[in-house]
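Reader: Got a minute to go through this one with me? I'd like to start with how the chains meet and then poke at some side chains.

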Amino acid sequence: MDPAFIRNFSIIAHIDHGKSTLADRLLEYTGALSEREMMAQVLDSMDLERERGITIKAHAVRLDYKADDGNQYQLNLIDTPGHVDFSYEVSRSLQACEGALLVVDASQGVEAQTLANTYLALHHNLEIVPVINKIDLPSADPDRIREQIETVIGLDASGAVLASAKNGIGVREILESVVHLVPPPKGDPEAPLRALIFDSWFDPYRGVIILLRVVDGRIRMGQKIRLWSNGRAYEVEGLGYQSPKPVPLDELSAGEAGYMHANIKTVSDAQVGDTITDDRKPAATPLPGFEQIKAMVFAGLYPVESHEHGMLREALEKLRLNDSALSFEPENSVALGFGFRCGFLGLLHMEIVQERLEREFNIDLITTAPGVRYKVTLRGGEVVEVDNPTRFPNPADIETIEEPIIEATVITREEYLGEILKLLEEKRGTQKKFEYIGTGRVLLAYELPLNEIVLDFYDRLKSASRGYASLDYHLAGHRVSPMVKLDVLVAGDPVDALSMIVHREFAYDRGKVLIERLRKLIPRQMFEVALQAAIGSKVIARETIPAIRKNVLAKCYGGDITRKRKLLEKQKEGKRRMKRVGSVEIPQEAFLAVLQVGGSDSED
Amino acid sequence: MSGVYISHPFCNQKCTFCNFASDVLPAAWEPRYVAELEAEIAAHKWEWTPDTVYFGGGTPNRLDPDALRRLLDLVPGGPWREVTLEAAPGNITPARARAWRTAGITRVSLGVQSFDAQELRHTGRKHTAEVVAREIEVLRDAGLGNINIDLIAGLAYQAADSWRRSLEHCARIAPPHVSVYILEVDEDSRLGREILVQGARYGAAHMPSGDEAADFYECAVDFLADIGIRRYEISNFARPGCESLHNLKYWRLEPYVGFGVDAHSFDGRMRTQNTDSVEDYLARSSRGEPLWIEQAERAANEHLWVGLRLMEGVPREPRLDRFIPLGLLEPVGANVRLTRRGVLVSNEVFAQLL
């Protein structure tokens, strides 16, 4: 196809601002799907995606559109994941495009996520087409939103399309804008092949399916291709585009987007951002911007039933086939037995993995508190990376500890500012930017330790702002911080699964809150149990669980000994499900207590 | 020797803490039930000659004295050493009491639960301390002085002083036998459901803590001992020689046979339970089907975890020794028994002996 008639674009929108609905409308309007075939939110194909209204995997759908100028265009809608955990994937999807629709809710306005992705799109020199959506709602105020887009993002929004994806208003105008405003792709069809991988997943019948954008040259069926990062060569076995149903083709040329499979066994061999080139006539340089995806958040996953350890390993292996960002290695806890130390892109990614393990593989899990990876410089000069509190080096051997820092953008309403600033200060944030962006809205940029985000930041932000705050962040390096390992001792024995790494100044408060929570969660035992929080050998908080006073069946009913036996058996079974540490039985909920001690315990 | 248990699950009102099969049931069922009960007893093949009979419920004092007599006439071995009738206070008249005596009743167990008006109100009971005192006199005058008084520790609104007043009432009445139960809040009871939803009905918002209930219980143990009523089983207290002969059979693993709804039988080997629904009992009876719904061989270590409920204890065995240094069991002669603390945490011991 002549690149002059190709347009590659994506949609940038905040959750709930109507991205999926708009995508569905575009598909419907261009006849990619008949109305009968439409199911709400066609593109969010995974159950979890549909339920949560988020997109985890990218898509590339080809729309055939006959424009008002009489020409037939090939529009490739490249849909991107919509969550900060997946910002690297987002940047790769944007790199595959020349333009983006910026969809903003006509009443709610610009949110942090939208802002971050728009900046990312501008960084990739994309042409941004503003779309003000939901204009038919009574609260819609397109003039105000237009002004906000201009002041906050610095985009000329005078030509913004007014639309209602839900009711099909403005769809044609959007398509015309794409044709006229988004530039055609620039690549050279005769140059050596360079294609960008912007998503990949595992299919049990065909191996890894790659979504790609051909930048230069052509890719053909049967062609021997090479992956730049690992130098491996494969033969193209399948090629085509999604409409969204797969449509096979013999060739994709410069400017086009589509899918490809080549009997690649795991997604880690076909990583997002990598360059595909011709094995016989390779390009001189790869496409820019490839990075190995790195886990940022780490937690231990343990099966509740210890005999399900093998099942958990198999399930993780299966998930990893499709998720190269998930990492895991065996871990052994005195308290929880055999499990896995897992690495995730972020908290949402962690939640998705947990949910899939429980839902698709039926494994009950205990998850230890999520943490981050620290760079520890030892006195001898050696640098080690530590993401597991139990492997934290002896404090006497540590020269410095560096913790990962993020730059976070928060957009909220003025009335919640006080609470949010308090929260950001409490989370050790440093203010970088404070900006009124019109009509009572404020943009905050803060540097924050990632470690402060992974515990309960989202929930706290949500409650501090009654849901009217949006957050985006990206990694912004490391900073030396006085971190310490906080241990929990139950009846004098350290419980490894409850250890965490915290800033020294917070250790006292967190230890206190954690111990108070544990006191409520651990049932009384036959003897008094001391709970202690300690840094090294120094105890910083202490609580006592008194011994059981009463556990007696006093009722006697006509010689019903069987009932008594059943009650005793039930008690015995309850104990069996607890984890025994030393002589103390600890219920599973206690291990989750650590998750809720990031800040104040105001809900108590 | 063996015992007989006869169940009458009909009540005037359902107590707020009750999760038993007994209930306020259609009045028309009661005569049919008694007729089927008679048929069940009549059809029984007696392996032993019983020497105790226990009418439990429910509220078996709703039974007509003639019905009581007819039921007893079907039980071999009379006159028996002990024939207990459970009774709810209220409406115990001199004529009734005399009729019970004539029918063969020798002992009355009164479901007093508390002498405190506020506590009683929230249980759903209708009697008062004065009614109880008066009716005890009525029973004694009729020759039914062998009386048990049930008390419950841990009722809504109960406090150290109200509990002590109930015990003092008890001391004035001076019954030969007292039962003290620690309230077990069952989620199948109205009170239990109310507590689960954090409601306020039935006094659910004013429940003493478990530790307080334990304190009340221990207070009762000491108080009753001071007036000569000693604990012989976790929940049973009596003047020496006035222990319930029937109830002792449960703890000593002696056989008993139960008739009626939710009645339990033990023949020395098998434990059997009758259906726990009156409707089902009537249906099964009319179709001539077996009335039992569950049968299981006795558990191997029952003699330990059942026997240890008695303060006389059980013969010492090596596997019990580990509880002695923990302060839960103590040797007494050739036996071991629960210590004072061991009683209150006895489930912890029993669960390990299952």
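Author: Sure, what follows is a walk through the interface, the rings and some charged pairs, and keep in mind that this is a predicted model.

Reader: How much area do chain A and chain B bury between them?

Author: About 3500 Å², with 55% of it on carbon and sulfur atoms. The contact takes 27 residues from chain A and 40 residues from chain B.

Reader: Which three residues of chain A supply more of its buried area than any other three?

Author: Those are A:Arg549, A:Tyr557 and A:Ile561, which supply 23% of the area that chain A buries against chain B. A:Arg549 also forms a salt bridge with B:Asp215, where the closest N and O atoms are 2.5 Å apart.

Reader: How many salt bridges cross the interface of chain A and chain B?

Author: Six. There are also 15 residue pairs in polar contact across that interface, counting pairs with both residues at pLDDT 80 or more.

Reader: OK, switching to rings. How many aromatic pairs are there over all chains?

Author: Twelve. In one of them, the ring centres of B:Tyr5 and B:Tyr54 are 5.9 Å apart and the planes sit at 10°, so that pair counts as stacked. B:Tyr5 belongs to strand E1 of chain B and B:Tyr54 to strand E2, so to speak distant parts of the chain, 49 residues apart, linked by the pair.

Reader: Are B:Tyr5 and B:Tyr54 buried or exposed?

Author: Both are buried.

Reader: Which rings link into a cluster?

Author: B:Tyr250, B:Trp251, B:Tyr256 and B:Phe266, all in chain B. Two arginines sit over rings there: the charged end of B:Arg271 is 3.9 Å from the ring centre of B:Phe266, and B:Arg309 lies over the face of B:Trp251, at 4.9 Å from the ring centre.

Reader: Back to strand E2 of chain B. What does the side chain of B:Thr52 make polar contacts with?

Author: With the side chain of B:His246 at 3.0 Å and that of B:Lys249 at 2.9 Å. B:Thr52 lies in strand E2 and has 0% relative accessibility, so it counts as buried. Beyond its sequence neighbours within four places, B:Thr52 is in contact with several residues, including B:Val4, B:Trp80 and B:Glu82.

Reader: And salt bridges overall, how many over all chains?

Author: The count comes to 64. One of them joins A:Arg213 and A:Glu98, with the closest N and O atoms 2.9 Å apart. A:Arg213 is in strand E8 of chain A and A:Glu98 is in the loop between helix H3 and strand E4, so the pair ties together parts that are 115 residues apart in sequence.

Reader: How accessible is A:Arg213, and is A:Glu98 buried or exposed?

Author: A:Arg213 has 4% relative accessibility and counts as buried. A:Glu98 is buried as well, with a relative accessible area of 14%.

Reader: What about helix H6 of chain B, which residues pair up there?

Author: B:Arg164 and B:Glu168 both lie in it, four residues apart, about one turn of the helix. Their salt bridge has its closest N and O atoms 3.6 Å apart. B:Arg164 is partly exposed at 40% relative accessibility, and B:Glu168 is partly exposed at 32%.

Reader: Last one: which residues of chain A are linked in a network of salt bridges?

Author: A:Glu331, A:Arg341, A:Arg373, A:Glu385 and A:Asp387.

Conventions. Residues numbered from 1 in each chain as written. Chains lettered and ligands numbered in written order. Predicted model: local features only at pLDDT ≥ 70, side-chain atom pairs only at ≥ 80, totals over all residues. Heavy atoms only, no water. Phe/Tyr/Trp six-rings, centres within 6.5 Å; stacked < 30°, edge-to-face > 60°. Helix = DSSP H or I, 4+ residues; strand = E, 2+ residues; numbered from the N terminus. Buried < 20%, exposed > 50% of the residue type's maximum accessible area, 1.4 Å probe, protein only. Lys NZ or Arg CZ within 6 Å of the ring centre and 35° of its normal. Contact = heavy atoms within 4.5 Å. Buried area = accessible area lost by both parts, 1.4 Å probe. Salt bridge = Lys/Arg side-chain N within 4 Å of Asp/Glu carboxyl O. Polar contact = N/O pair within 3.5 Å; in protein donor to acceptor, adjacent residues only side chain to side chain.
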